[in-house]
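Take a look at the protein shown below. The report that follows walks through its layout, its core and a few single residues.

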Amino acid sequence: METEREFELRKDKLIEAVIYLSERSADDPNFGVIKLVHLLYYADCAAYLQHGAPITGVTYLHFPHGPYPEHWYKVRREMQAAGDVEVLYENDDDGHHRYRMLPNRTMKPAALTAEECAILDEQRKRFSLFNTAGISEHSHQLLGWRFTEDGEPIPLVTAQATSPRLSANELREAQRTANDVAQQRKSV
């Protein structure tokens with residue numbers, strides 16, 4: 001596997017991707033923030049695999065429900081303070097609490113390229129029938145999530161790998177890459 005490199009956070013693209021996905025998922029009864037952040041992760045992974053760089057540049061961390069953007073709560077509060085979104089807290093059909101991001105505006109023109117929007121739409125369609133539990137469980141099959149611990153960064157280089165089809169050598173290499181990334185972040 002290649003060496004993981006850091007990407008610069010593009011908070012402007014992150015905010016616009018949140019607005020874009022939230023607006024287009026308004027009719028999805030399963031759409032909440034956990035599904036939103038998973039869609040962002042999968043879109044960034046797809047962009048990375050296709051073009052060598054993610055859309056948002058976010059570092060995703062291992063959380064119990066799957067990949068979560070680093071500094072998510074700070075960005076969410078900034079979006080709320082700017083009036084970009086409202087947060088709606090609700091109970092889902094399973095009696096679990098969740099919150100949804102409701103956009104107060106449309107995406108800024110030219111904030112995301114047509115290709116980036118297509119990648120976001122592709123992931124939204126790919127997971128359209130998934131509820132929170134389903135999309136979380138799907139993310140738990142990803143090699144990057146499986147070889148990291150709570151709070152550790154998930155290397156984008158592991159994006160295409162799921163655990164069932166990998167050889168022992170590929171598993172060891174992925175573990176080594178995840179460990180190297182964690183060590184690099186600790187030394188910074």
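Which residues does L40 touch, leaving out those up to four places away in sequence? L40 touches L14, A17, V18, L21, Y60 and W72. Keep in mind that this is a predicted model.

**Overall layout**

Start with the whole chain. The protein has seven helices and four strands. Along the sequence, they follow the pattern α-α-β-β-α-β-β-α-α-α-α. Of the 188 residues, 49% are buried. The protein exposes about 9700 Å². Carbon and sulfur atoms supply 50% of that exposed area.

Contacts also link distant parts of the sequence. Take the contacts between residues at least 6 apart in sequence: 68% of them join residues at least 24 apart.

**The core**

In soluble globular proteins, nonpolar side chains tend to be buried together. Here, the largest nonpolar core has 47 residues. Within this core, L40, W72 and M101 touch the most other members. Six elements each give two or more residues to the core: α1 (11–24), α2 (33–51), α3 (72–81), β3 (85–91), β4 (97–103) and α4 (114–126). The most come from α2, which gives 13 residues.

**One side of α3**

Now turn to α3. Its residues W72, V75, R76 and M79 are buried. They cover an arc of only 100° around the axis, so they lie on the same side of α3. Which elements cover the buried residues of α3? The cover includes α1, α2, β2 (66–69), β3 and β4. After α3 comes G83, which has a positive phi, near 80°.

**Two charged residues, R10 and K13**

R10 sits in the segment before α1, whereas K13 lies in helix α1. Is K13 buried or exposed? K13 counts as buried because its relative accessibility is 8%, and the cut-off for buried is under 20%. R10 has 35% relative accessibility, so R10 counts as partly exposed.

Next, look at their contacts, again leaving out residues up to four places away in sequence. R10 touches I55 and T56. K13 touches I55, T56, A111, L112 and E116. A polar atom of the K13 side chain lies 3.4 Å from the backbone oxygen of A111.

R10 also shows how the fold brings distant positions together. R10 and V58 are 48 residues apart along the chain. Their C-alpha atoms are separated by 7.3 Å.

**Cysteines and accessibility**

How many disulfides does the structure hold? The number is zero. Two cysteines can still be placed by their accessibility. C45 is buried, because its relative accessibility is 5%. C117 is buried too, because its relative accessibility is 10%.

The table sets these two cysteines beside R10 and K13.

| Residue | Relative accessibility | Class |
|---|---|---|
| C45 | 5% | buried |
| K13 | 8% | buried |
| C117 | 10% | buried |
| R10 | 35% | partly exposed |

**Back to the start**

Return to L40 and W72 in the structure. L40 touches W72, and W72 is one of the buried residues of α3. Both L40 and W72 are among the residues that touch the most other members of the largest nonpolar core.

Note on methods:
Residues are numbered from 1 along each chain as its sequence is written. This is a predicted model: local features need pLDDT of at least 70, side-chain atom pairs count only at pLDDT 80 or more; totals for chains, interfaces and linings use all residues. Side-chain values use heavy atoms; hydrogens and water are left out. A nonpolar core is a set of buried Ala, Val, Leu, Ile, Met, Phe, Trp, Tyr and Cys residues joined through side-chain atoms within 4.5 Å. Buried means under 20% relative accessible area, exposed over 50%, partly exposed in between (1.4 Å probe, protein chains only). Contact means heavy atoms within 4.5 Å. Accessible areas come from the Shrake-Rupley method with a 1.4 Å probe; for residues, only the protein chains shown count as cover. A disulfide is a pair of cysteine sulfur atoms within 2.5 Å. The arc is that of the directions from the helix axis to the C-beta atoms. A polar contact is a pair of N or O atoms within 3.5 Å; within protein, one must be able to donate a hydrogen and the other to accept it, and residues adjacent in sequence count only if both atoms are side-chain atoms.
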